[in-house]
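Below are my notes on the model, set out as numbered points. They start with one helix and move on to the cores, the cysteines and a few single residues.

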Amino acid sequence: MRVVIAGAGAVGRSVATELLENGHEVLLIDRDPVAVSVERVPEAEWLLADACEIATLDEAALERCQVVIAASGDDKANLVVSLLAKTEYGVPRVVARVNHPANEWLFNDSWGVDVAVSTPRLMSALVEEAVSVGDLVRLMRFSQGEANLVELTLAEGAALAGTRVGEVAWPQDTALVTIIRGNRVLIPDPDDALAAGDELLFVATGSREAELEQLLTETLP
């Protein structure tokens, strides 16, 4: 898979290193000569240019990319790169970094963003996830389709404990994608029985989150 990362700061370089280790082809773009440190990620391709310019994206051959990651520290630049990648080059997957939570509402499919990653929101969500049992926690928003990745740890006494996955009447527009049980990661099977302490990860639309939380937090009489 070919991935272009706009923004070669600490975030961009870290993502590039991970992708390269997983066998992907990566091009890093940054207009700051200081940020273009080829020796830090020598396996990547590098381009010293402004990723908000069409000429730069032409040179980067964005039409051959499967993923573009807008990872700069400037929300305006990330939005421009996302919009150009989606509308001018038809990139299938656009991931954008949100630096300031107040701007998060802009990072949606209107600006070409498929997945918006907000570091402050993610950190607060991870804190909530670590200390919350029986509360639905939103971990990530997928702009396309208005779906979210949400988590809930099934509490002691939950009515669904002991119920098989295939027997649960899950709300419409929700999907159970993973069960984390202790140090095991389980792919949900209809015959798997839920247990207290299970961390359940769902992809669900925002309009169904309250219904899902109500179902998961019902307790035995």
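1. Helix 1, length. This is a predicted model. Helix 1 covers residues 10-21, twelve residues in all. At 1.5 Å a residue the expected span is 16 Å, and the end C-alpha atoms are 17 Å apart, so the two values agree.

2. Helix 1, faces. The buried residues of this helix are G12, R13, A16, L19 and L20. They fall on the same side of helix 1, because the arc they cover around the axis is only 130 degrees. A10 and E21, on the other side of helix 1, are exposed. Note that R13 is listed among the buried residues.

3. Helix 1, surroundings. What do the buried residues of helix 1 pack against? Their partners are four strands: strand 1 (2-6), strand 2 (25-30), strand 3 (45-48) and strand 4 (67-70). Just after the helix, G23 has a positive phi of about 90 degrees.

4. Helix 3, length and cap. Helix 3 runs over residues 75-87 and has 13 residues. From first C-alpha to last it reaches 18 Å, close to the 18 Å expected at 1.5 Å a residue. Its N-terminal end is capped by D74, with a side-chain oxygen 2.9 Å from the backbone nitrogen of K76.

5. Helix 3, burial and packing. The buried residues here are D75, A77, N78, L79, V81, S82, L84 and A85. The buried residues of helix 3 pack against strand 1, strand 4, strand 5 (93-98) and helix 2 (54-59).

6. Largest nonpolar core. This core has 25 residues, and V4, I29, L62, V68, V91 and F107 have the most contacts inside it. At least two residues each come from strand 1, strand 2, strand 4, helix 3 and strand 5. Helix 3 gives the most, with four residues. As for V68, its contacts beyond four places in sequence are V4, L62, V81, A85, V91, R93, V94 and V95.

7. Second core. Another core, of 18 residues, lies apart from the one containing V68. Its members include L152, V168, L186 and L194.

8. Cysteines. How many disulfides does the model contain? The count is zero. The sulfur of C52 is 16 Å from the closest cysteine sulfur, that of C65, which is too far for a bond; the cut-off is 2.5 Å. C65 is likewise in no disulfide, and the nearest cysteine sulfur to it is that of C52. The two residues also fall into separate burial classes: C52 counts as partly exposed because its relative accessibility is 26%, while C65, at 4%, counts as buried.

9. Positive phi outside glycine. A61 is not a glycine, yet its phi is positive, at about 55 degrees. A61 sits in the loop between helix 2 and strand 4 and is buried, with a relative accessible area of 11%. D173 is another non-glycine residue with a positive phi, near 65 degrees. D173 belongs to the loop between strand 8 (147-153) and strand 9 (174-181). Is D173 buried or partly exposed? At a relative accessible area of 45%, D173 is partly exposed.

10. G166. The loop between strand 8 and strand 9 also holds G166. G166 is exposed, with a relative accessible area of 52%; the class begins over 50%. G166 and L216 are 50 residues apart in sequence, and their C-alpha atoms are 15 Å apart in space.

11. F202. This residue is found in strand 11 (residues 199-205). F202 is buried, with a relative accessible area of 0%. Which residues does F202 contact, leaving aside neighbours within four places in sequence? They are N148, L149, V150, W170, A175, L176, V177, L212 and L216. F202 is 158 residues from A44 in sequence, with 34 Å between their C-alpha atoms.

Conventions:
Residues numbered from 1 in each chain as written. Predicted model: local features only at pLDDT ≥ 70, side-chain atom pairs only at ≥ 80, totals over all residues. Heavy atoms only, no water. Buried < 20%, exposed > 50% of the residue type's maximum accessible area, 1.4 Å probe, protein only. Contact = heavy atoms within 4.5 Å. Expected span 1.5 Å × (residues − 1). Arc of directions from axis to C-beta. Polar contact = N/O pair within 3.5 Å; in protein donor to acceptor, adjacent residues only side chain to side chain. Core = buried A, V, L, I, M, F, W, Y, C linked by side-chain atoms within 4.5 Å.
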